[in-house]
Every structure is written in C-alpha cells, then in structure tokens.
Amino acid sequence: MLSISQIVEKIIAHQPFLAEALVEGLINVSSLARKIQPEVEQHFGDQVKSGAIVMSINRLIPKMKGKISHLGAEVVVRDIIVRSQLVDYTYKNSSMLIERHTDLLRAIGPNQEFFYTMVQGVFESNLVVSQSLADQVETIFEEESMLSKSGRLSAVTLKLPDVNAQQAGFYYHILKSIAWAGINIREVISTTNEFTIVVNDDAIDKTFSVLKNLGQS
C-alpha cells in the first residue's frame, strides 16, 4: 500500500506545471493540499488530514527542485525559419510506401523552394509538404491508405547548435513555453540540429513570437 507521501508525489508528478509552480513558491501549499485531498483519500482508501498532505508536499519540494533546476535552463537558437501554406498527410504503412516517397522526391527534383518532411512510424507515416505539392502527393500516393489530411498549416523550424543535444530537458523547455501560450501543436518534427513545430495558420504569429523570445531569454 502506498503511503500518503507517495500518493502526493504521484499526483503532482502527473502535473509538471504544478510542480514548477510549487518549486518557484507560486502556490499556497495549504490550498493545494485541500484541493488534492479527495484524490489522495481515494488512492489511500481512507480519510486523510490536510495537515498530513501539507507535510508531504513540503517534503517533496526540495526533491523536485533538484529535478527541475537543470531542465532547459538555456535554449540557444541559431536561426528561426517560418514556412506557411503546408498540408499534413498521414498514410498507413505498406510495402510500397517508401517507393512512393522515392517517386515523389524524383518528381520534386532539386527544387529547394518546397517544404517536405517525412516521418515513418511503426504503423503509419506522416508527410508534411507545401500546398503546391498536394496534387502530386495525392496522385503518387493514390493507391495508399490515407488516414488523415489537414491543410492551412504553418511551421516554425529552429536551427540549433550541437550543444543543445547534450542538455537535459531541452525540448521540455520549448514545449512548456508553447503549452503555456495555449498553442495547439499539430506535428513535431525533429532532427539532430533542427526542431520543427507545425501549427494551424492562425497560431503561427504567436508561435514565432514565443520561440523567438525563448531563444533570446
């Protein structure tokens, strides 16, 4: 059976923003204890005094400080690239899917004006391309099983120095800032030194502003 302290830690661990606010002293511990008391009692299987929860939270804060203090302390961005008029396709994986991608790349040729990314998962593959390539994609992939298609998208790509790959919590710091701004991420595309976030067109200005300020902070 879990102790009260273990239950409290489990509840807070599932709410990372709450953990950060606690570490920064932005939350009244007594108020938080009263708020999570019903959930603690549900897990504990008996009534729990709010004072016991307060003690558990206070003991937990120093432990959380050690975990949070090193997460994404600094984000270095070399360049920010914005692309608009994008379409997002998801296809079911098949034995011919890679060949379709090869055919599409041949059709595009060396033209660098197009936006093109492909990510292959275990069961499905994702393709984000410029709107101007949509007809070619749908013709070449006509016999494949399309799972979804979304248009009116834009992307912000961060060009990053090598040092960021060695920094614990780096992507957490970026995604936390996006989440705090209330921006819905449609896709995330990552390579070693590039990080791309795909959002709806109407969120691109806000996304760019958040990421630009993040790189300058």
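Reader: In what order do the elements of the protein chain run, from the N terminus on?

Author: Helices (DSSP runs of H or I, at least four residues) and strands (runs of E, at least two) are numbered from the N terminus. The protein chain has eight helices and six strands. Written out from the N terminus, the order of elements is α-α-α-α-β-α-β-β-α-β-α-β-β-α.

Reader: Happy to have that map! Which pLDDT do side-chain atom pairs need in order to count?

Author: Residues are numbered from 1 along each chain as its sequence is written, and side-chain values use heavy atoms, with hydrogens and water left out. This is a predicted model, in which totals for chains, interfaces and linings use all residues, local features need pLDDT of at least 70, and side-chain atom pairs count only at pLDDT 80 or more.

Reader: What share of the residues in the protein chain is buried?

Author: Buried means under 20% relative accessible area, exposed over 50%, and partly exposed in between, with a 1.4 Å probe and protein chains only. The protein chain has 217 residues, and the buried ones make up 38%.

Reader: Among contacts between residues at least 6 apart in sequence, what share joins residues at least 24 apart?

Author: A contact here means heavy atoms within 4.5 Å. Taking the contacts in the protein chain between residues at least 6 apart, the share that joins residues at least 24 apart is 73%.

Reader: Let's go inside. Which element gives the most to the largest nonpolar core?

Author: A nonpolar core is a set of buried Ala, Val, Leu, Ile, Met, Phe, Trp, Tyr and Cys residues joined through side-chain atoms within 4.5 Å. The largest one has 21 residues, and Val-8, Ile-12, Val-40 and Ile-57 have the most contacts inside it. Two or more residues each come from α1 (4-13), α2 (16-23), α3 (29-44) and α4 (50-68). With six residues, the element that gives the most to this core is α4.

Reader: And how many residues does the other core have, the one with Val-156?

Author: This other core lies apart from the largest one. Its members include Val-156, Ile-178, Ile-183 and Ile-197, and its count of residues is 16.

Reader: How do α1 and α3 pack, roughly parallel or roughly perpendicular?

Author: Two packed helices are described by the angle between their axes and the distance between the axes. Axes are lines fitted to C-alpha atoms, for helices over the stretch in contact, and angles run from 0 to 180 degrees between N-to-C directions; for α1 and α3 the angle is about 115° and the axes are 10 Å apart. Angles under 35 degrees count as roughly parallel, over 145 as roughly antiparallel, 65 to 115 as roughly perpendicular and the rest as oblique. The angle therefore makes α1, relative to α3, roughly perpendicular.

Reader: Which residues of α3 make that contact with α1?

Author: On the α1 side, the contact is made by Ile-4, Ile-7, Val-8, Ile-11 and Ile-12. Val-40 touches Ile-4, Ile-7, Val-8 and Ile-11, along with Val-48 and Ile-53, not counting residues up to four places away in sequence. The α3 residues in the contact are Leu-32, Ile-36, Glu-39, Val-40, His-43 and Phe-44.

Reader: Over to the last helix: which residues is Thr-207 in contact with, beyond its neighbours within four places in sequence?

Author: Thr-207 is found in helix α8 (residues 204-216). Thr-207 counts as buried because its relative accessible area is 0%. Leaving aside those neighbours, its partners are Val-156, Ile-178, Ile-183 and Val-199.

Reader: Ile-178 belongs to helix α7, so to speak; which residue with a positive phi follows α7?

Author: Helix α7 spans residues 170-180, and Phe-170, His-173, Ile-174, Lys-176, Ser-177 and Ile-178 are buried there. The residue that follows α7, with a positive phi near 75°, is Gly-182.

Reader: I always check the backbone. What is phi of Arg-152?

Author: Arg-152 lies in strand β4 (residues 146-159). Arg-152 counts as exposed because its relative accessibility is 71%. Its phi is positive, in a residue other than glycine, and is near 55°.

Reader: And in which strand is Gln-85 found?

Author: Phi of Gln-85 is also positive, near 55°, in a residue other than glycine. Gln-85 counts as exposed, because its relative accessibility is 60%. The strand, spanning residues 79-92, is β1.

Reader: One more, please: how far apart are the C-alpha atoms of Glu-24 and Ile-61?

Author: Glu-24 has its place in the loop between α2 and α3. At 53% relative accessibility, Glu-24 counts as exposed. Along the chain, Glu-24 and Ile-61 are 37 residues apart, and their C-alpha atoms are separated by 9.5 Å.
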